[in-house]
Amino acid sequence: MSIRINTALIDELNGKLTAGLDEDYAALGNKLARHGMDIEAITARAIDFEVAVPSWGVGTGGTRFARFPGQGEPRDVFEKLDDCAVINDLSRQTSSISPHFPWDAVDDFAALVEKSENLGLTWDSINSNTFQDQPGQEHSYKYGSLSHTDQATREQAIAHNLQCIEWGQQLGSNTLTVWVGDGSNHPGQAHFQRAFERYLDSMKTLYAALPDNWEIHIEHKMFEPAFYSTVIQDWGSNILAAMELGERAKSLVDLGHHAPNCNIEMIVSRLIQFRKLGGFHFNDSKYGDDDLDSGSIHPYQQFLIFNELVDAEYRQQEGFGPRYLLDQSHNVTDPIESLMNSAIEVQRAFIKALLIDRPVLEGFQDSNDAIMASNTLKAAFNTDVSPILAMARLRQGGAIDPIATYRASDYRAQIAKERPDSGGSGSGIV
Ligand SMILES: [Mn+2]
């Protein structure tokens, strides 16, 4: 049985906050108007902004050391959808779900589509999984999948990806995201070029089988589970593979999959320039692939990434239209709260980037005025756009304060009664 957040509760709590919000919204509107900006136009963009939720994100994650299960975790994809609906009902910007196969595979995809439609949800990019062995699987991925030295293992990995596309078509998706754990742990273990050639051969087979309206997104990752080298280690290997495959192969940027202090916004710019930016996995990190909540560590970096994205939109860059998805692991928080918070933080970065005065910035760039160029970005970043985000939620029937409303609903305790601990939910680090 689905439990939804009672709309009367949302209205009641919103009612207590509306007067204050109206005041803050009017003050911000006046401030923006002084700089020639129309707050209503910006709020309209906030209303349109969407970021997809990963199906695996609604379960409690874990580390290489342990996983501490949360209360009332979803036990299958149908229950994951219920949690995703709560996130969207309150935040109103996460109406699509990114599934992971075979974790989310079901016998009856029509039933899954029917349930998602009833909840007002759609399906975004699908993710394949050749980084772990499934029960009964003939060939092991211990030493790789799409780049494995053994042809039969590579063919098995290709077949799984083709199966994922077929499942994705039943869900109405049009993008396959491929991340492989292939790599090596010891210098000399793998021949870099031959492994990359085998990967490209496998990907060419997949690309040839891609339905006409589909794209394939390649996700790179610097390390883990392979700790010396990975086949698609960085954006360089990624864009090379995407260029080798063709127009409908693009690169996906997971913020946590780079070296610390890497200039991710410049990578984003390069991918945009060569029409290879497929999308994002938003999260945040302090040390590596930490999968922390978006905007929790480096909010300025996230803003600078959106500066590039809004700039591409402003310049009407051809072929620009990346997909926005979250990819996080929630170890110590309620995943529903983390995902609502993160979706709002990603939206916040987008809205702040909209405030950048681009002609003025371009002038400072052309006259080599470094201080004023930097200050132009900071002026946008330092503007508190919370009233715009809250107003966007309110006008769509969401919550002015999503976390307070979620807590008042007692959803977690209620749903836990229907979901006895199963000991596992197919969630974890990705
Ligand atoms: Mn990812």
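This is a short walk through one predicted model, taking its sheets, some of its helices and a few unusual backbone spots in turn.

I will start with the bigger of my topics, the sheet that contains strand E7. Six strands, in the order E4-E5-E7-E9-E10-E11, form an open sheet, and the pairing is parallel. Strand E4, residues 126–127, and strand E11, residues 323–326, stand at the edges with a single partner strand each, so one side of each has no neighbour in the sheet. As a general reminder, the strands of a sheet pair through backbone hydrogen bonds, in either a parallel or an antiparallel way.

Now go across that sheet. Strand E5, residues 175–178, pairs with E7 in the parallel sense over 4 bridges. If you want to find the register on screen, Thr175 stands opposite Glu215 in E7, and Thr177 stands opposite His217 in E7. Helix H5, residues 151–171, packs on this sheet and touches E4 and E5. The direction of H5 makes about 145° with that of E5.

Next is E7 itself, residues 215–219. How many of the residues of E7 are buried? The count is 4 of 5, so to speak of E7 as mostly covered is fair. On its other pairing, E7 is joined to strand E9, residues 249–254, by 4 bridges, and the two run parallel. Ile216 stands opposite Ala249 in E9, and His217 has Lys250 of E9 as its bridge partner. That puts His217 in two pairings: with Thr177 and with Lys250.

E9 is mostly covered too, with 6 of its 6 residues buried. Which residues point which way from E9? Ala249, Ser251 and Val253 point one way, while Lys250, Leu252 and Asp254 point the other way, and all are buried. From E9 we step to strand E10, residues 277–282, which pairs with E9 in the parallel sense over 4 bridges. There, Val253 has Phe280 of E10 as its bridge partner.

The other sheet I want to show has 3 strands, in the order E1-E2-E3; it is open and its pairing is parallel. Its edges are strand E1, at 53–54, and strand E3, at 122–123; each has a single partner strand, so one side of each is left without a neighbour in the sheet. E1 is joined to strand E2, residues 96–98, by 2 bridges, running parallel. Val53 has Ile97 as its bridge partner in E2.

Now the helices. Helix H1 covers residues 7–34 and bends by about 45° at Leu17. Is H1 mostly covered or hardly covered? Hardly: among its 28 residues the count of buried ones is 1. After H1 comes Gly36, with a positive phi near 80°.

Helix H2, residues 39–48, packs against helix H13, residues 386–395, at an angle of about 60°, with the axes 9 Å apart. The crossing of H2 past H13 is right-handed. H2 makes the contact with Ile39, Ile42, Thr43, Ala46 and Ile47, and H13 with Ile388, Leu389, Met391, Ala392 and Arg395. By class, those residues divide into 8 nonpolar, 1 polar and 1 charged.

Stay in H13 for a moment, at Arg393. Why does Arg393 count as buried? Because it has 27 C-beta neighbours inside 10 Å, and 20 is enough for that label. Beyond the neighbours within four places in sequence, Arg393 is in contact with Ser91, Arg92, Gly398, Ala399 and Ile400. Arg393 and Ile344 are 49 residues apart in sequence, and their C-alpha atoms are 9.9 Å apart.

Last, the backbone spots. The peptide bond from Phe101 to Pro102 is cis, with omega near 10°; Pro102 lies in the loop between E2 and helix H4, 109–118. A cis peptide bond also joins Glu224 and Pro225, with omega about 5°. Pro225 is in the loop between E7 and strand E8, 229–230. Glu224, in that loop between E7 and E8, has a positive phi near 75° without being a glycine. With 16 other C-beta atoms within 10 Å, Glu224 is partly exposed.

Asp410 is not a glycine either, yet its phi is positive, about 60°. Asp410 sits in the loop between helix H14, 402–409, and helix H15, 411–418. With 12 other C-beta atoms within 10 Å, Asp410 is exposed. I will stop there.

Note on methods. Residues are numbered from 1 along each chain as its sequence is written. This is a predicted model: local features need pLDDT of at least 70, side-chain atom pairs count only at pLDDT 80 or more; totals for chains, interfaces and linings use all residues. Two strands pair if DSSP finds at least two bridges between them. The bend at a residue is the angle between axes fitted to the seven residues ending there and the seven starting there. Axes are lines fitted to C-alpha atoms, for helices over the stretch in contact, and angles run from 0 to 180 degrees between N-to-C directions. A crossing is left-handed if the near helix is turned anticlockwise from the far one by less than a right angle, and right-handed if clockwise. Two residues are in contact if their C-beta atoms, placed from the backbone, lie within 7 Å. Ala, Val, Leu, Ile, Met, Phe, Trp, Tyr, Cys and Pro count as nonpolar, Asp, Glu, Lys and Arg as charged, and the others, Gly among them, as polar.
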